[in-house]
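Hi,

Here is the structure I said I'd pass along. Have a look at it first, and my notes follow underneath.

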Amino acid sequence: MKQCLSIVLAVILTAAFAATAQPRPTDSHQPRQVILIIGDGMDEQQIAIARNYLKGATGRLVMDGLPLRATAQVLTIEDKVGGKPMYVADSANTATSMATGEITSRGRIATAAGTDEDLTTIVQLAVAAGLNTGLVTTASVTDATLAAFIAHINFRQCENPSIVENVVFETAVQDVSLGGCPQDARKNGGPGAISEQLASSPVDIILGGGAKHFLVRAEAGSGTVLELAQAQGFQTIGSLAQLQRSQPGRPVLGLFADSHLPVRLQGEGGRIAEQPKPSLLNRLHPYLGSVTLPETMVCEPNPGFGETPSLQQMTATALEHLSADSDEGFFLMIESASIDKAAHKRDPCGSIGEVAQLEEALQTALAFANEHPQTLVLVTADHTQAA
């Protein structure tokens with residue numbers, strides 16, 4: 001099973017051969033650049049509804065034309081040593097499996113179930129091998145999928161220093177404690193919250209949302225997490241115009257929304273999926289009476305998207321930066337995050353728009369691969385979303 005889970009890890013190890021003292025093989029087919037594109041929560045149903053809406057019943061998506069296709073099972077286990085398999089996963093443990101080749105429990109970011117041991121990630125291996133690295137998402141950069149490729153923490157909700165000790169979920173009845181990550185706090189000798197780990201990371205370019213997690217005070221020092229990133233050498237940007245003006249040569253941290261980036265499409269007038277309305281007789285027996293279906297939904301541009309950088313624009317910028325000074329090659333992870341988040345809200349148009357964004361990013365990646373033959377492009381999902 002571990003071999004199945006670590007297919008991407010094996011790819012980057014091959015591309016990162018220069019990490020050892022041995023000379024790099026001269027095989028022209030060996031990947032020098034690896035681009036991993038993840039549709040969060042994207043399974044056949046999300047792909048099918050997007051294909052039908054965007055291309056029609058007989059149409060084809062860009063991902064339909066990729067030359068190879070396979071499936072792999074990623075397990076989830078209980079949070080204890082030797083834990084039994086569980087049937088429901090989340091983005092934290094599944095992204096951890098893709099980034100490290102290890103099986104872990106829900107909520108964990110590149111840490112082992114039970115022992116809390118840090119698990120070495122693809123990005124860490126790439127950095128050690130001298131490769132450039134990039135992480136791009138339409139979610140907050142502190143969200144589970146991106147975080148699992150570079151951060152190490154026992155609980156995905158510990159996104160900024162103010163909630164490392166205890167994450168509280170507020171309800172109308174009472175506040176519920178979700179736990180915390182005190183062992184990871186810097187004052188306790190840990191690496192800090194996810195935002196602090198990103199701010200201190202060796203990644204060359206990080207793009208997405210999540211500015212609110214960087215505007216709080218860092219645990220170490222007197223400034224904010226954003227100022228910590230700047231002190232570490234990151235040029236920090238926050239708009240499409242700044243993204244387009246950014247130049248290779250310095251690490252980039254781009255934060256284009258307080259939290260997750262807005263989706264590109266919405267249902268007309270903000271509609272989400274509605275339930276069919278059965279008649280009284282149909283409620284008594286499914287063969288009787290009638291069922292009134294909701295009116296056909298038309299997707300429209302989300303006015304809240306505005307000047308938000310698209311996933312394609314972020315991908316193009318990341319590729320420009322990573323390839324500008326890339327003697328050894330690079331590893332780039334790209335996530336279309338709200339395929340999943342929109343499905344949670346029963347928002348089909350939001351999910352369709354995110355698949356469209358993934359398609360555009362894939363087109364850009366394939367165009368780059370056509371110009372740079374030793375580039376491997378992978379498209380996958382971390383888990384399904386049946387909501």
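Let me start with one residue, glutamine 266: leaving aside its neighbours within four places in sequence, glutamine 266 is in contact with Val298, Cys299, Glu300, Pro301, Asn302, Pro303 and Cys349. Glutamine 266 belongs to strand 10, which runs over residues 265-267. Is it buried or exposed? With a relative accessible area of 19%, glutamine 266 falls under the 20% cut-off and therefore counts as buried. Do keep in mind that this is a predicted model.

Now the whole chain. The protein has 13 helices and 15 strands. There are 387 residues, and 50% of them are buried. Of the contacts between residues at least 6 apart in sequence, 70% join residues at least 24 apart. The exposed area comes to about 18000 Å², with carbon and sulfur atoms supplying 53% of it.

I also looked at a helix pair: helix 11 (residues 311-324) and helix 13 (residues 348-371). Their axes come within 8 Å and cross at roughly 25°. Angles under 35 degrees count as roughly parallel, so that is how helix 11 and helix 13 lie to each other. The crossing of the two is right-handed. On the helix 11 side, the contact is made by Leu311, Gln312, Thr315, Ala316, Leu319 and Ser323. Helix 13 contributes Gln357, Leu358, Glu360, Ala361, Thr364, Ala365 and Phe368. Sorted by class, the residues in this contact are seven nonpolar, five polar and one charged.

Cheers

Conventions: Residues numbered from 1 in each chain as written. Predicted model: local features only at pLDDT ≥ 70, side-chain atom pairs only at ≥ 80, totals over all residues. Heavy atoms only, no water. Helix = DSSP H or I, 4+ residues; strand = E, 2+ residues; numbered from the N terminus. Buried < 20%, exposed > 50% of the residue type's maximum accessible area, 1.4 Å probe, protein only. Contact = heavy atoms within 4.5 Å. Areas by Shrake-Rupley, 256 points an atom, 1.4 Å probe, with all protein chains shown as cover. Axes fitted to C-alpha atoms, helices over the stretch in contact; angles between N-to-C directions. Parallel < 35°, antiparallel > 145°, perpendicular 65-115°, else oblique. Left-handed = near helix turned anticlockwise from the far one by under 90°. Nonpolar A, V, L, I, M, F, W, Y, C, P; charged D, E, K, R; others polar.
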